[in-house]
Amino acid sequence: MTFRLAGTLPKDVLLRFKGEREVITAQALAAKRPLTWHEQEELFRWCSARVDKYLDAGHGDCWLARPEIAGLVAGAMKFHAGERFDLHAWVVMPNHVHAVLRPKPDWTLSKMLKSWKGFTAREANRLLKRTGTTFWQVESFDHLVRDDDDLHRCCYYTTMNPVNAGLCERPEDWKWSSAYRPAG
């Protein structure tokens with residue numbers, strides 16, 4: 001799952017990405033053929049990569065780049081790991097978060113996300129001395145892991161995100177990640 005800070009992906013940017021996707025789909029329809037399942041999957045990945053690249057560029061408020069806020073979010077994500085969910089990989093980026101997890105019985109992604117976002121928004125806004133301001137974007141993105149290869153791909157993407165965004169050289173150097181390994 002991916003969730004992000006409010007204002008990090010403005011509506012006009014989302015509409016532009018959606019328009020680009022619609023042009024590709026329209027071209028296939030103009031050629032009198034629908035996109036194949038494989039082409040639809042590739043188009044989805046292309047669109048997701050555009051969103052990821054935009055987020056990784058650090059647009060919007062990057063409250064999660066502040067160590068006290070990143071630590072708050074990381075701590076909240078790990079707090080119920082093993083009890084409410086199995087946490088396979090996670091990373092706190094400057095303006096968004098990725099987590100690869102499997103809910104335990106009686107816990108859903110929406111319940112976990114509500115718990116994380118509610119707690120961290122209150123505490124982060126308190127630390128930032130902000131009131132009446134939305135901290136997290138309402139929607140989030142989730143992906144159903146289909147098999148072990150997909151799980152590996154999602155975990156790899158998650159732990160490599162700070163490297164790919166140019167924030168560190170190795171995943172184990174990024175303090176706000178499940179891959180972090182302190183030097184020494």
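**Exercise 1. The first helix pair**

How closely do the axes of helix H1 and helix H2 come, and at what angle do they cross? Work out their relative direction, handedness and contact residues too.

*Solution.* A word on the ground rules before we start. This is a predicted model, where local features need pLDDT of at least 70, side-chain atom pairs count only at pLDDT 80 or more, and totals for chains, interfaces and linings use all residues. Residues are numbered from 1 along each chain as its sequence is written, and side-chain values use heavy atoms, with hydrogens and water left out.

Step 1: Locate the elements. Helices (H or I, at least four residues) and strands (E, at least two) are DSSP runs, numbered from the N terminus. H1 covers residues 11-30 and H2 covers residues 37-56.

Step 2: Take the axes, which are lines fitted to C-alpha atoms, for helices over the stretch in contact; angles run from 0 to 180 degrees between N-to-C directions. The axes of H1 and H2 come within 11 Å and cross at roughly 160°.

Step 3: Classify the angle. Under 35 degrees counts as roughly parallel, over 145 as roughly antiparallel, 65 to 115 as roughly perpendicular and the rest as oblique. H1 and H2 are therefore roughly antiparallel to each other.

Step 4: Find the hand. A crossing is left-handed if the near helix is turned anticlockwise from the far one by less than a right angle, and right-handed if clockwise. H1 passes H2 in a right-handed crossing.

Step 5: List the contacts (heavy atoms within 4.5 Å). From H1 come Val-13, Arg-16, Phe-17, Glu-20, Arg-21, Ile-24 and Thr-25, while H2 supplies Leu-43, Trp-46, Cys-47, Arg-50, Val-51 and Tyr-54.

Step 6: Sort by class. Ala, Val, Leu, Ile, Met, Phe, Trp, Tyr, Cys and Pro count as nonpolar, Asp, Glu, Lys and Arg as charged, and the others, Gly among them, as polar. The contact of H1 with H2 has eight nonpolar, one polar and four charged residues.

**Exercise 2. The second helix pair**

Now repeat the analysis for H3 and H4: at what angle do their axes cross?

*Solution.* Step 1: H3 spans residues 67-79 and H4 spans residues 109-127; their axes come within 10 Å and cross at roughly 160°.

Step 2: H3 and H4 are therefore roughly antiparallel to each other, and H3 passes H4 in a right-handed crossing.

Step 3: On the H3 side, Glu-68, Ile-69, Leu-72, Val-73, Ala-76 and Met-77 meet Trp-116, Phe-119, Thr-120, Glu-123, Ala-124 and Leu-127 of H4. By class, the residues of the contact of H3 with H4 divide into nine nonpolar, one polar and two charged.

**Exercise 3. The sheet**

In what order do the three strands of the open sheet stand? Then trace the pairings.

*Solution.* Step 1: Two strands pair if DSSP finds at least two bridges between them. The order is S1-S3-S2, with antiparallel pairing.

Step 2: The edges are S1 (2-4) and S2 (85-92), each pairing on one side only. From one strand to the next, the twist averages 20°.

Step 3: S1 pairs with S3 (residues 96-103) over three bridges. Here Phe-3 stands opposite Val-97, and Thr-2 stands opposite His-98.

Step 4: Seven bridges join S2 to S3, and these two strands form a hairpin with three residues between them. Asp-86 has Arg-102 as its bridge partner, and Leu-87 has Leu-101.

Step 5: Check the burial of S3, where buried means under 20% relative accessible area, exposed over 50%, and partly exposed in between (1.4 Å probe, protein chains only). Six of the eight residues of S3 are buried.

**Exercise 4. Three loop residues**

Where do Asp-106, Lys-129 and Lys-32 lie? Describe each one.

*Solution.* Step 1: Asp-106 is in the loop between S3 and H4. This residue has a positive phi of about 75° although it is not a glycine, and at 69% relative accessibility it counts as exposed.

Step 2: Lys-129 is in the loop between H4 and H5 (148-164). Its phi is also positive, about 55°, although Lys-129 is not a glycine; with a relative accessible area of 75%, Lys-129 is exposed.

Step 3: Lys-32 lies in the loop between H1 and H2 and is exposed, with a relative accessible area of 78%. The C-alpha atoms of Lys-32 and Val-13 are separated by 29 Å, the two being 19 residues apart along the chain.
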